[in-house]
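Here's a quick briefing to read with the structure open beside you. Have a look around first, then work through the points below.

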Amino acid sequence: MLKRDNIAALIAELFGTAVLTIVVLTVSRTLVYPYFVAIAAGLTLMVLVSTLGKTSGAQLNPAVTLSLWSVKKIKTVQAILYIAMQCVGALLALRLFSYLTGSTANVEKAGMDWKIFAAEAAGAGRNRCRDDRQSQVDLVGDAAARCPSRRGSMQSSALPSWMPCAMRPRASRS
């Protein structure tokens, strides 16, 4: 049965993930530079970890929860409940953001390429591109060179190097 401490940890994960999502959505909508989004997310995480860390561990991200579960730092049931609460918190934040701003943060507009996303998730994206200019591209290399199918769609300097290939706009076919 769920104890008071366990319920507090689940609510802390929900609240923390919702706050982090709201901050990222708000800053990404109002500012042009992606570095500000990263700074805002980092500062928000710092505050959330210091306030919620003793209650739940302040994982606030399903990827962190999965990694802790994979090295057996948390139990399976706890990991499932944390991930469920993190997803609910992010969805609640998205709904609140949509309600307050009158717009939606539509992920499908980004043109997700699920094949590339699956390859990156599996780790196949580490050295996947050979190019004339570079013999081998690593994870922090030139963004345009990392996506040969999208080369020419945008200048490499216009794309941030941290953006995964799956989220970059496709080349126009004219």
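**The big picture**

Of the 174 residues in this chain, 29% count as buried. Keep in mind that you're looking at a predicted model. The chain has six helices and zero strands, so the run of elements from the N terminus reads α-α-α-α-α-α. Take the contacts with a separation of 6 or more: 47% of them join residues 24 or more positions apart.

**Helix α4**

- Let's start with α4, which covers residues 76-101.
- Does its length make sense? At 1.5 Å a residue, the 26 residues of α4 should span 38 Å, and its end C-alpha atoms sit 37 Å apart, so the two values agree.
- Which residues of α4 are buried? They are Ala79, Tyr82, Gln86, Gly89, Ala93, Phe97 and Ser98.
- The cover over those buried residues includes α1 (4-30), α2 (34-56) and α3 (62-70).
- Just after α4 comes glycine 102, with a positive phi of about 75°.

**A closer look at glutamine 86**

- Glutamine 86 belongs to α4, and its relative accessibility is 1%, which is why it counts as buried: the cut-off is under 20%.
- What does glutamine 86 touch, leaving aside neighbours within four places in sequence? Its contacts are Glu13, Thr17, Gln59, Leu60, Asn61, Pro62 and Thr65.

**How α3 and α4 pack**

- The axes of α3 and α4 come within 9 Å and cross at roughly 175°.
- Angles over 145 degrees count as roughly antiparallel, so α3 is roughly antiparallel to α4.
- On the α3 side, the contact is made by Pro62, Thr65, Leu66 and Trp69. On the α4 side, look for Thr76, Ala79, Tyr82, Ile83, Gln86 and Cys87.
- Sorted by class, this contact of α3 with α4 has seven nonpolar residues, three polar ones and no charged ones.

**Two loop residues with a positive phi**

- Here's some background: most residues other than glycine have a negative phi.
- Leucine 60 goes the other way, with a positive phi near 55°. You'll find leucine 60 in the loop between α2 and α3.
- Lysine 72 isn't a glycine either, yet its phi is positive, at about 60°. Lysine 72 sits in the loop between α3 and α4.
- Is each one buried or exposed? Leucine 60 has a relative accessible area of 4%, so it is buried. Lysine 72 has a relative accessible area of 72%, so it is exposed.

**The largest nonpolar core**

- Seven residues make up the largest nonpolar core: Ala12, Leu20, Ala41, Leu48, Leu52, Ala58 and Leu60.
- Both α1 and α2 supply at least two residues each to this core.
- α2 gives the most to this core, with three residues.
- Try picking out leucine 20, a member of this core. Leaving aside neighbours within four places in sequence, leucine 20 is in contact with Ala41, Thr44, Leu45, Leu48 and Leu60.
- Leucine 60 is worth a second look, as it turns up in several places: it belongs to this core, and it is in contact with leucine 20 and with glutamine 86.

Conventions
Residues numbered from 1 in each chain as written. Predicted model: local features only at pLDDT ≥ 70, side-chain atom pairs only at ≥ 80, totals over all residues. Heavy atoms only, no water. Helix = DSSP H or I, 4+ residues; strand = E, 2+ residues; numbered from the N terminus. Buried < 20%, exposed > 50% of the residue type's maximum accessible area, 1.4 Å probe, protein only. Contact = heavy atoms within 4.5 Å. Expected span 1.5 Å × (residues − 1). Axes fitted to C-alpha atoms, helices over the stretch in contact; angles between N-to-C directions. Parallel < 35°, antiparallel > 145°, perpendicular 65-115°, else oblique. Nonpolar A, V, L, I, M, F, W, Y, C, P; charged D, E, K, R; others polar. Core = buried A, V, L, I, M, F, W, Y, C linked by side-chain atoms within 4.5 Å.
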